[in-house]
Structure formats: C-alpha cells, structure tokens
Amino acid sequence: QVQLVEFGGGLVQPGGSLRLSCAASGFTSDYYEIGWFRQAPGKGREGVSCINSSDGSTYYQDSVKGRFTISRDDAKNTVSLQMNTLKPEDTAVYYCAARASSRLGLDVREYDYWGQGTQVTVSS
C-alpha cells in the first residue's frame, strides 16, 4: 500500500516561513503526481501545489505563486513545500496526496492516497 506521511507544520507569525515535507513509500507505478492540499476550518479541501515525480514539472495555485515552492528529493523519496511570506489566510491543515498520472492537476477527486495532515497556523 502507498503510504504518505507529512511533517513540519507549526505556529508562525505573519511573514514567517515553514517547510513541510511528505515522505512517500509503496509506489508501484513508474510515474505519479504528488500534490499538496489544505483545508481551513469550515472550508473544503483545496489544492495548493503539485509536482510530477517523473519529470519534475510543477503547478501552483495562483494565491501561493511566488511564495511557495514545491520540490522533490528522489534519494529520500520526499516531496517538500517551502512556504515563505506566510499570511493568516494560509492557516489550514495541510495534506500531501498522490495519484498515478502523467498530467498535473489539483482535483481532490483524482487523488487516491492521502497523508494524515499537519497543522499550519499563521498568527501574531
């Protein structure tokens, strides 16, 4: 079974930074996508960013472009999300997710495997 584990969340002040990581294991496909999603209280789960683990191509939600960076470390089977210039509206539980695909996308319904989530709180 595919397993995903997120870590790195915490409490930061507005303008601060956090780095989230997702450790992945158990993939049998030659290619797959890893996505980061977030869910704020009372809101649905929304896509943040994703990366193709085969060619490294990336995609970002408009609201995080220029602030967040997704990257992969193939040697460690890890995908990270560097979050800079954090805003209170970034507060949410962040999840990593995976699907077998060759195309980038942030449709929650298309992702098959999910981590347990890690809390990110941006507050002064």
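Here is a short chat about the disulfide, a sheet and the largest pocket of this structure.

Visitor: What kind of model is this, and how are residues numbered?
Guide: This is a predicted model, where local features need pLDDT of at least 70, side-chain atom pairs count only at pLDDT 80 or more, and totals for chains, interfaces and linings use all residues. Residues are numbered from 1 along each chain as its sequence is written, and side-chain values use heavy atoms, with hydrogens and water left out.

Visitor: What makes cysteine 22 and cysteine 96 a disulfide?
Guide: A disulfide is a pair of cysteine sulfur atoms within 2.5 Å. Here the S to S distance is 2.1 Å, so the pair fits the definition. The structure holds one disulfide. Cysteine 22 sits in strand S3 and cysteine 96 in strand S9 (residues 92–99), 74 residues apart.

Visitor: Why is the disulfide called right-handed?
Guide: Because the torsion about the S-S bond of cysteine 22 and cysteine 96 is about 65°.

Visitor: Why is there no bond between cysteine 50 and cysteine 96?
Guide: The closest cysteine sulfur to that of cysteine 50 is in cysteine 96, 13 Å away, so it's too far for a bond.

Visitor: Why does cysteine 50 count as buried?
Guide: Buried means under 20% relative accessible area (exposed is over 50%, partly exposed in between; 1.4 Å probe, protein chains only). Cysteine 50 has 0% relative accessibility, so it counts as buried. Cysteine 22 and cysteine 96 are buried too.

Visitor: How do you know that S7 and S8 pair?
Guide: Strands (E, at least two residues) are DSSP runs, numbered from the N terminus, and two of them pair if DSSP finds at least two bridges between them. S7 and S8 are joined by six bridges and run antiparallel, so they pass. Isoleucine 70 stands opposite leucine 81 in S8, and threonine 69 opposite glutamine 82 in S8.

Visitor: What makes S1 and S7 edge strands?
Guide: The open sheet has four strands in the order S1-S3-S8-S7, with antiparallel pairing. Strand S1 (3–7) and S7 each pair on one side only.

Visitor: What makes a pocket a pocket?
Guide: On a 1 Å grid over the protein atoms alone, it's an open set of points where a 1.4 Å probe fits, with protein on both sides within 12 Å along at least five of seven lines. The largest pocket has a volume of about 180 Å³, volume being the space filled by probe spheres set on the points. Its lining has 14 residues, and Tyr32, Ser53, Asp74, Asn77 and Thr78 are the closest to its centre; a lining residue has an atom within 4 Å of a point.
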